Each structure stands twice: as structure tokens, then as C-alpha cells.
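This report describes a single model in plain terms. Please look over the sequence and the structure before reading on.

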Amino acid sequence: DPAWLQTIQIHEGGDCGSIRTTMKVLKGSGVAVAAVLDGDQSPIIKEGIFTLPGGLPPEKVLLGLPEIKQHLQKTYHLDWADFEVREKLASINHHEWIPRLAKCVLMDEVSLTRELARVAAGVLPENNLTKMLKETTKQ
């Protein structure tokens, strides 16, 4: 919803503990605010704290999509299975996956993340997160 997006600001908030603490302070101030945590965290809907769909960290959801793997193969000639083994992704923190991938395909992390998010947005099913965020930020 482009019109709604123009009415809000999006900020990176840090780890889930910091975000939860910040939300308590901001909610008490009367500011219309909502937070979105990774899908492997627990939401607190009544406090305006939501989670991404998928039930997993976003890196695992994103890089687990067959369409993303196809995109990486087509665009960068990167075989995901080979990359996963070579970089030992199973044994490292998932927060390192995008930086390693960006380095491999010679892109900066932000640009690569945006590119892959656009691919994912075209294939993931719609959910009610946007609706809940709209309702929360109108209060």
C-alpha cells in the first residue's frame, strides 16, 4: 500500500529485547508505534509487537525459497547447494548468511537483501501483518 507507506517511518531497532523495551516506553508516550520481530520470536499483539510470517528467522525463510535459489543461479550463476556446503552455512549463525552471499556475488548487503526481498515478495503468500500494522499505527 504505497499511500500508507508514505505515512509511516521504518527504523531498524536492534535485538528483540531492546525492541520490546523501546516499545513499552513509546506505547506509554502516546506515540502510534508498532514493531516487527523476526518470525522465530514471540509476538505480543496487545503491545503492538508483531512477527514476520514463516516462524523462522527471515534469512532462513528467504534463502530457503526455491525461487530465490533459482534467481541466484540465473542472475549470479551461483549454485545454492554448493555455496551452502562451501560456506558451511549449517554450522554458522544465520545472520552471517547474507554478508557471505553478498561477498560471493560482489554486492553490498543492503542491495542484495532488497533484491532478494523483491523476489520473495512476488512469491510469498499474502498475510495479515500489513493490516495489523495499519490498525496499530492508527491508534
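## Cysteines and overall build

The structure, a predicted model, holds 0 disulfides. A disulfide is a covalent bond between the sulfur atoms of two cysteines. The surface exposure of two cysteines can be stated. Cys 16 has a relative accessible area of 28%, and for Cys 104 the value is 34%. Cys 16 counts as partly exposed because its value lies between the cut-offs of 20% and 50%. Cys 104 is also partly exposed, by that rule.

| Residue | Relative accessible area | Class |
|---|---|---|
| Cys 16 | 28% | partly exposed |
| Cys 104 | 34% | partly exposed |

The secondary structure comes next. In the chain there are 8 helices and 2 strands. Read from the N terminus, the order of elements is α-α-β-β-α-α-α-α-α-α. The two strands thus follow two helices, and six helices come after the strands.

As for dimensions, a box of roughly 50 × 30 × 25 Å, taken along the principal axes, is filled by the C-alpha atoms of the chain. The chain has 139 residues, and 27% of them are buried. Among contacts in the chain with a separation of 6 or more, 46% are between residues 24 or more positions apart.

The surface and the charges complete the description. About 9200 Å² of the chain is exposed, and 54% of this area is supplied by carbon and sulfur atoms. The chain carries 16 positive and 18 negative side chains. The centres of these two sets lie 4 Å apart.

How values were computed: Residues are numbered from 1 along each chain as its sequence is written. This is a predicted model: local features need pLDDT of at least 70, side-chain atom pairs count only at pLDDT 80 or more; totals for chains, interfaces and linings use all residues. Side-chain values use heavy atoms; hydrogens and water are left out. A disulfide is a pair of cysteine sulfur atoms within 2.5 Å. Buried means under 20% relative accessible area, exposed over 50%, partly exposed in between (1.4 Å probe, protein chains only). Helices (H or I, at least four residues) and strands (E, at least two) are DSSP runs, numbered from the N terminus. Contact means heavy atoms within 4.5 Å. Accessible areas come from the Shrake-Rupley method with a 1.4 Å probe; for residues, only the protein chains shown count as cover. Lys and Arg count as positive and Asp and Glu as negative; His and the chain ends are not counted. The place of a charge is taken as NZ of Lys, CZ of Arg, CG of Asp or CD of Glu.
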